[in-house]
Amino acid sequence: MKLINPFLEAITTILPQLGFKEINRRGLSVKEQLLASQGVTVMIGITRGVKGNVAYNMSADTAKKVASTIMMGMPVPEMDEMAQSALSEMVNMVTANAAINFEKQGLSVDISPPSIVVGSEYTVQVSNTKYLALSLLIDSEPIEVNVSLGV
């Protein structure tokens, strides 16, 4: 839990600042190596005291709704460059806040710039072994935060 809690705290701190009203935890599971995209996946790397990556995975419809909320209700009919930028910035903010939370645990970390992949016909190798998948409902939209980290 010490690798998941910094993300839970970051999500509940940052997302309300971006306009999200309701954040509910649906579950936590252990998955192996490959992540099947639900439509949009934003990956971000973590280095130094904690190493690995985090993949924020959601459907294209969810991604458009999330981007719209971040952009203060602006309609998002497709995952264009502006919508992708909004999602990447949200992931950057959440993960940077999680990095601060790791620092509070005495673990110094750095994060990489996020990378976004749009499409549902692919898988991503998230880890060499197993990783934690945190399922959330954010304003009734399902989002999965896949955490593959080691100390």
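Guide: Contact means heavy atoms within 4.5 Å. The model shown here is predicted.

Visitor: Which residues is Met90 in contact with, leaving aside its neighbours within four places in sequence?

Guide: Met90 is in contact with Leu15, Leu18, Phe20, Val66 and Ile70. Met90 also belongs to the largest nonpolar core, which has 43 residues; Phe7, Tyr56 and Met90 touch the most other members.

Visitor: What makes a set of residues a nonpolar core?

Guide: The members are buried residues of listed kinds, Met, Phe and Tyr among them, joined through side-chain atoms within 4.5 Å. Elements that each supply at least two residues of the largest core include α1, β2 and α3. The most comes from α3, with nine residues. A second, separate core has eight residues, including Leu35 and Val126.

Visitor: Why are α2 and α3 called roughly perpendicular?

Guide: Their axes cross at roughly 80° and come within 9 Å. Angles of 65 to 115 degrees count as roughly perpendicular, so α2 and α3 are described that way.

Visitor: Which residues of α2 and α3 meet?

Guide: Ala63, Val66, Ala67 and Ile70 in α2 meet Ala83, Ala86, Leu87 and Met90 in α3. By class, this contact of α2 with α3 has eight nonpolar, no polar and no charged residues.

Visitor: Why is α1 called oblique to α3?

Guide: The angle between α1 and α3 is about 130°, with the axes 8 Å apart. An angle outside the ranges under 35, 65 to 115 and over 145 degrees counts as oblique, and therefore α1 is oblique to α3. The crossing of α1 and α3 is right-handed. By class, their contact has eleven nonpolar, four polar and one charged residues.

Terms used. Residues are numbered from 1 along each chain as its sequence is written. This is a predicted model: local features need pLDDT of at least 70, side-chain atom pairs count only at pLDDT 80 or more; totals for chains, interfaces and linings use all residues. Side-chain values use heavy atoms; hydrogens and water are left out. Buried means under 20% relative accessible area, exposed over 50%, partly exposed in between (1.4 Å probe, protein chains only). Helices (H or I, at least four residues) and strands (E, at least two) are DSSP runs, numbered from the N terminus. Axes are lines fitted to C-alpha atoms, for helices over the stretch in contact, and angles run from 0 to 180 degrees between N-to-C directions. Ala, Val, Leu, Ile, Met, Phe, Trp, Tyr, Cys and Pro count as nonpolar, Asp, Glu, Lys and Arg as charged, and the others, Gly among them, as polar. A crossing is left-handed if the near helix is turned anticlockwise from the far one by less than a right angle, and right-handed if clockwise.
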